[in-house]
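Load the model in a viewer and keep the selection tool at hand. The stops below go from one selection to the next.

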Amino acid sequence: MKPGIDYVGVGVFALIFNNRNEVLLVDHKLTDKKPKGFSECWSMPGGTVEFGETCIEALRREIKEELGMKIYNEKLINYNDFIFGNRHWTGINFQAKTKDLPKNLEPEKIKEIRFFKLNNLPQNLSDFCRECLEIVQRAA
């Protein structure tokens with residue numbers, strides 16, 4: 001059985017800020033596993049929650065696996081439901097901090113990784129990333 005297809009999948013994602021208040025975004029490659037709105041646009045890193053993991057544990061593991069980074073000070077932003085075709089995912093979105101520099105440890109999935117100043121974000125942001133950024137900026 002596959003998450004998101006045979007049952008609702010749960011994913012975790014994060015807006016990760018460095019000590020200069022820049023946000024880390026990733027540009028995912030287009031794959032059959034990622035729908036439009038997740039691929040070929042800038043978005044938040046993250047991945048699937050595995051059975052027996054808390055959302056924070058899954059987020060820390062995914063960021064370490066994808067980017068080789070440790071994160072801390074995780075705070076919940078919001079959640080989204082993504083229902084497309086025969087797939088259904090719930091994304092739980094966080095804000096976090098890091099002192100590390102990212103490395104692309106999954107080049108088959110990720111085209112580019114970059115920190116952005118909040119006043120100089122790319123135009124092609126995923127909708128859910130844009131929504132999370134707006135929530136974080138309003139709360140600041």
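Select Cys 55 and show its sulfur: the closest cysteine sulfur, in Cys 132, is 14 Å away, too far for a bond. A disulfide here is a pair of cysteine sulfur atoms within 2.5 Å. Cys 55 is partly exposed, with a relative accessible area of 24%. On this scale buried means under 20% relative accessible area, exposed over 50% and partly exposed in between, with a 1.4 Å probe and protein chains only.

This is a predicted model, in which local features need pLDDT of at least 70 and side-chain atom pairs count only at pLDDT 80 or more, while totals for chains, interfaces and linings use all residues. Residues are numbered from 1 along each chain as its sequence is written, and side-chain values use heavy atoms, with hydrogens and water left out.

Next, select Cys 41. Its sulfur lies 8.3 Å from the closest cysteine sulfur, that of Cys 129, which is also too far for a bond. Cys 41 is buried, at a relative accessible area of 7%. The structure holds zero disulfides.

Now select helix α2, residues 127–139. Helices (H or I, at least four residues) and strands (E, at least two) are DSSP runs, numbered from the N terminus. The expected span of a helix is 1.5 Å times one less than its number of residues. For the 13 residues of α2 that gives 18 Å, and the end C-alpha atoms are 19 Å apart, which agrees.

Colour Phe 128, Cys 129, Cys 132, Leu 133 and Val 136, the buried residues of α2. Viewed down the helix axis, these buried residues fall within an arc of 135°, so they line one face of α2. The arc is taken from the directions that run from the helix axis to the C-beta atoms. On the face turned away from the buried side are the exposed residues Asp 127 and Arg 138. To see what covers the buried residues, show strands β1 (9–17), β2 (23–28), β3 (42–43), β5 and β6 (87–97), which are included in that cover. Contact means heavy atoms within 4.5 Å.

The next stop is the aromatic rings. Rings of Phe, Tyr and Trp (its six-membered ring) pair if their centres lie within 6.5 Å; planes under 30 degrees apart count as stacked, over 60 as edge-to-face and the rest as tilted. The structure holds three aromatic pairs. One of them is Phe 13 with Phe 128, edge-to-face, at 5.2 Å centre to centre and 70° between the planes. Phe 13 lies in strand β1 and Phe 128 in helix α2, so the pair ties together parts 115 residues apart in sequence. Both Phe 13 and Phe 128 are buried.

Move to Trp 42 and Phe 116, another edge-to-face pair, at 5.0 Å centre to centre and 80° between the planes. Trp 42 is in strand β3 and Phe 116 in strand β7 (residues 110–116), 74 residues apart. Trp 42 counts as buried at 6% relative accessibility, and Phe 116 is buried with a relative accessible area of 6%. Then add Phe 82 to the selection: Phe 13, Phe 82 and Phe 128 form one aromatic cluster.

Finish at Asn 80, in strand β5 (residues 72–84). Is Asn 80 buried or exposed? Asn 80 is buried, with a relative accessible area of 11%. Its side chain makes a polar contact of 2.5 Å with that of Asn 93 and one of 3.3 Å with that of Glu 131. A polar contact is a pair of N or O atoms within 3.5 Å; within protein, one must be able to donate a hydrogen and the other to accept it, and residues adjacent in sequence count only if both atoms are side-chain atoms. Leaving aside neighbours within four places in sequence, the residues in contact with Asn 80 include Trp 89, Thr 90, Gly 91 and Phe 128.
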